[in-house]
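Trainee: I am new to this structure and would like to work through it by question and answer. May we begin?

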Amino acid sequence: KEVVLKIAAGEVVTGCFSVVKELIENSIDAHTRRIEVEIREGGKEFIRVSDDGEGMSPEDLKEAIKPHTTSKIKSIEDLYRLNTYGFRGEALSTIASVSRMIITSKQEKNSVGLSLRITGGNVVAEEPYLGKTGTMVEVYDLLFNTPARRKFLKSAAVEGRMVTEIVQRFMLSNPSISFLYVKDGKVIYDSPIDQPLKDRIRLIFPELKPDDLIEVEYTDENSGISVRGFVTMPERTRLNRFGEMIFVNSRHVKQIELNYALERGYGETLEKGRFPFAIIFIEVDPALVDVNVHPQKLEVKFSRTSLVLDALKRAVRVAIHQRGT
Ligand code: ADP
Ligand code: MG
């Protein structure tokens, strides 16, 4: 690895969901077309994420599990870009240090890959791998060596639900990638490659019918901000905001102002206490907003949001109006 940056170590492992999130992000960064996620006991017992992406050479794999190794930062400015998911180079090493991990990877150009067995951060066994190209990370007994922190994991049911939510988010923001999601031996999702977004939304929210979804397609001419995705008609709503998912430059963003702007786009037509389903992708030139990336939490916040909020509200209004008339 050419670039090794030291960045304050953060809490990568805040729950099983955060492990799944980091591993899926790595798979996406490796340009995979298919991601398979399997968990048992909410992930507390077992998590596996495998991909058919670029993989790593045996040498790179040995480096990748060391702290602060990343192949993704070329300069400190990259830290503030939203393009790649990973930028801290600490996910794999941190997860490896608090679990029993088997990590296996092979690149297309190599006929032999490598599989490492790691316990609490120490490589305890390694063997050649002759299987298919890509990467597979298996995580057993998360936080087994830090019992005080393991205690803070929630019940298997709650951890599992949080993992499912993360998987759903990635499925929605990456409809071109095929996902298999298996929970306690049961296939929850098995989605094809290049699935139309509308079909993917209906896979995640099976209660929706094709006619319930209105396409949003809007570009603000002045700012260049684009808003696309799908929302439901005002009469097809629910009692909570769980159906509202907003992605900014491909990253899921939880910022209540965005939800308010979305709902304002409905105007009077949205009853009080009702919330739409909405899967919205906003593309904005990072130079237009102050992006505040918190290196530990990976939260993205915008401090000059008015342009984004305005575009979002207008985009929804236009879409609803077109359907209404
Ligand atoms: P980061 O993603 O921030 O670079 P990670 O600890 O998550 O740090 O991963 C370390 C490095 O290991 C990555 O930079 C990448 O080069 C490599 N890597 C991790 N996961 C994969 C994967 N699924 N496919 C290919 N390479 C990977
Ligand atoms: Mg990463």
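Trainee: In what order do the five strands of the open sheet stand?

Mentor: This is a predicted model. In it, five strands form an open sheet whose pairing is mixed. Their order is β9-β10-β15-β12-β13.

Trainee: Which strands stand at the edges of that sheet, and why is one side of each left without a neighbour?

Mentor: An edge strand here has a single partner strand, so one of its sides has no neighbour in the sheet. The two strands in that position are β9 (213–219) and β13 (251–252).

Trainee: Which residue in β15 stands opposite Phe230?

Mentor: Strands β10 (residues 226–232) and β15 (residues 278–283) run antiparallel and are joined by six bridges. Opposite Phe230, the residue in β15 is Ile279.

Trainee: What angle does the direction of helix α6 make with that of β10?

Mentor: Helix α6 (residues 197–204) packs on the sheet and touches β9, β10 and β15. Its direction and that of β10 make an angle of about 45°.

Trainee: And what angle does helix α7 make with β12?

Mentor: Helix α7 (residues 256–264) also packs on the sheet, where it touches β12 (244–248) and β15. Between the directions of α7 and β12 the angle is about 115°.

Trainee: Turning to helix α1, how many of its residues are buried?

Mentor: Helix α1 covers residues 16–29 and reaches 20 Å from its first C-alpha to its last, close to the 20 Å expected. Among its buried residues are Phe17, Val19, Val20 and Leu23. The helix is mostly covered, and of its 14 residues the number buried is twelve.

Trainee: Which elements do the buried residues of α1 pack against?

Mentor: Val20 is one of these buried residues. Not counting residues up to four places away in sequence, Val20 touches Val37, Gly43, Ile47, Val49, Val163, Ile166 and Val167. Taken together, the buried residues of α1 pack against β1 (34–40), β2 (46–51), α3 (91–97), β6 (134–140) and α5 (156–173).

Trainee: Which residues of the largest nonpolar core touch the most other members?

Mentor: In soluble globular proteins, nonpolar side chains tend to be buried together. The largest nonpolar core here has 69 residues, and those touching the most other members are Val19, Val20, Ile95, Ile280, Ile282, Leu312 and Val316.

Trainee: From which domains does this core draw at least three residues each?

Mentor: The chain has 325 residues, of which 36% count as buried. The core draws at least three residues from each of two domains: domain 1 (16–190) and domain 2 (206–324).

Note on methods: Residues numbered from 1 in each chain as written. Chains lettered and ligands numbered in written order. Predicted model: local features only at pLDDT ≥ 70, side-chain atom pairs only at ≥ 80, totals over all residues. Buried ≥ 20, exposed ≤ 12 C-beta atoms within 10 Å, placed from the backbone. Helix = DSSP H or I, 4+ residues; strand = E, 2+ residues; numbered from the N terminus. Expected span 1.5 Å × (residues − 1). Contact = placed C-beta atoms within 7 Å. Pairing = 2+ DSSP bridges. Axes fitted to C-alpha atoms, helices over the stretch in contact; angles between N-to-C directions. Core = buried A, V, L, I, M, F, W, Y, C linked by C-beta atoms within 7 Å. Domains from an automatic or database assignment.
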